[in-house]
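Student: Take one part of this model and go through it closely. How does it start and end, what covers it, and which ring contacts does it make?

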Amino acid sequence: MNNFKEELEKAKEELGLDIKKVEENYDAVVDETGLTQILNVNGKPILFDFGTLTGNSILEVKEQYRKIKRAKAAVLEEFDDLYYMLIAQKVTGISYKQFLDLKYKEYNAIKVAVRDFLSED
């Protein structure tokens, strides 16, 4: 746990974030606006910058989702895990395929972080 705290402090300095809240269940850090999160994935902190999302970027992700799923696409993308991984790709710059290869606990933490962000009004 001490190593995690050191990495967290280093990440805060590098990113210039004022991080207020630690979510122990997902090894996540959330800033006070909820637009930036750092998730510990495979022992590395990864920045999820939801503040970069725009209406156009959401439409791009939905189009990408439809291209990948084709006829199997859900009527509402928001109910499909792949859609969450595509959003994660958009806010991190890391390929959704890398997220799909993660162990379930880490994969689920990413899915929950994206789902929770998208469900906020």
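Tutor: What follows is a close look at helix 3, with its setting and its confidence. This is a predicted model, so local features need pLDDT of at least 70, side-chain atom pairs count only at pLDDT 80 or more, and totals for chains, interfaces and linings use all residues. Residues are numbered from 1 along each chain as its sequence is written, and side-chain values use heavy atoms, with hydrogens and water left out.

First, the setting. The protein chain holds 5 helices and 4 strands. Helices are DSSP runs of H or I with at least four residues, strands are runs of E with at least two, and both are numbered from the N terminus. Along the sequence the pattern reads α-β-β-β-β-α-α-α-α. Of the 121 residues, 39% count as buried. Buried means under 20% relative accessible area, exposed over 50%, and partly exposed in between, with a 1.4 Å probe and protein chains only. Contacts are heavy atoms within 4.5 Å. Among contacts between residues at least 6 apart in sequence, 43% join residues at least 24 apart.

Next, confidence. pLDDT is the predictor's confidence in each residue, from 0 to 100. The protein chain averages 79, and 75% of its residues score at least 70. Helix 3 has the highest mean, 94, while strand 1 (residues 19-23) has the lowest, 40. Over residues 18-27 the pLDDT is below 50, although this stretch has 22 contacts beyond near neighbours in sequence. Where pLDDT is low, predicted coordinates should not be read in detail.

Now helix 3 itself. Its 12 residues reach 17 Å from the first C-alpha to the last, close to the 16 Å expected at 1.5 Å a residue. The expected span is 1.5 Å times one less than the number of residues. At the N-terminal end, Asp80 is the cap: one of its side-chain oxygens lies 2.9 Å from the backbone nitrogen of Leu82. After the helix comes Gly93, with a positive phi near 85°.

Then the cover. Helix 3 is largely enclosed by the rest of the structure, because 9 of its 12 residues are buried. They are Leu82, Tyr83, Tyr84, Met85, Leu86, Ile87, Ala88, Val91 and Thr92. Their cover includes strand 4 (44-49), helix 2, helix 4 (96-100) and helix 5.

Last, the rings. Rings of Phe, Tyr and Trp (its six-membered ring) pair if their centres lie within 6.5 Å; planes under 30 degrees apart count as stacked, over 60 as edge-to-face and the rest as tilted. The count comes to 6 aromatic pairs. One of them, Tyr65 with Tyr83, is edge-to-face, at 6.2 Å centre to centre and 85° between the planes. This pair links distant parts of the chain: Tyr65 sits in helix 2 (residues 55-69) and Tyr83 in helix 3 (residues 81-92), 18 residues apart. Tyr65 is buried at 0% relative accessible area, and Tyr83 is buried at 1%. Another pair, Tyr104 with Tyr107, is tilted, at 6.2 Å and 40°. Both lie in helix 5 (residues 104-119), 3 residues apart, about one turn of the helix. Tyr104 is exposed at 55%, whereas Tyr107 is buried at 12%. Elsewhere, Phe48, Phe50, Phe99 and Phe117 form one aromatic cluster.

How values were computed: A polar contact is a pair of N or O atoms within 3.5 Å; within protein, one must be able to donate a hydrogen and the other to accept it, and residues adjacent in sequence count only if both atoms are side-chain atoms.
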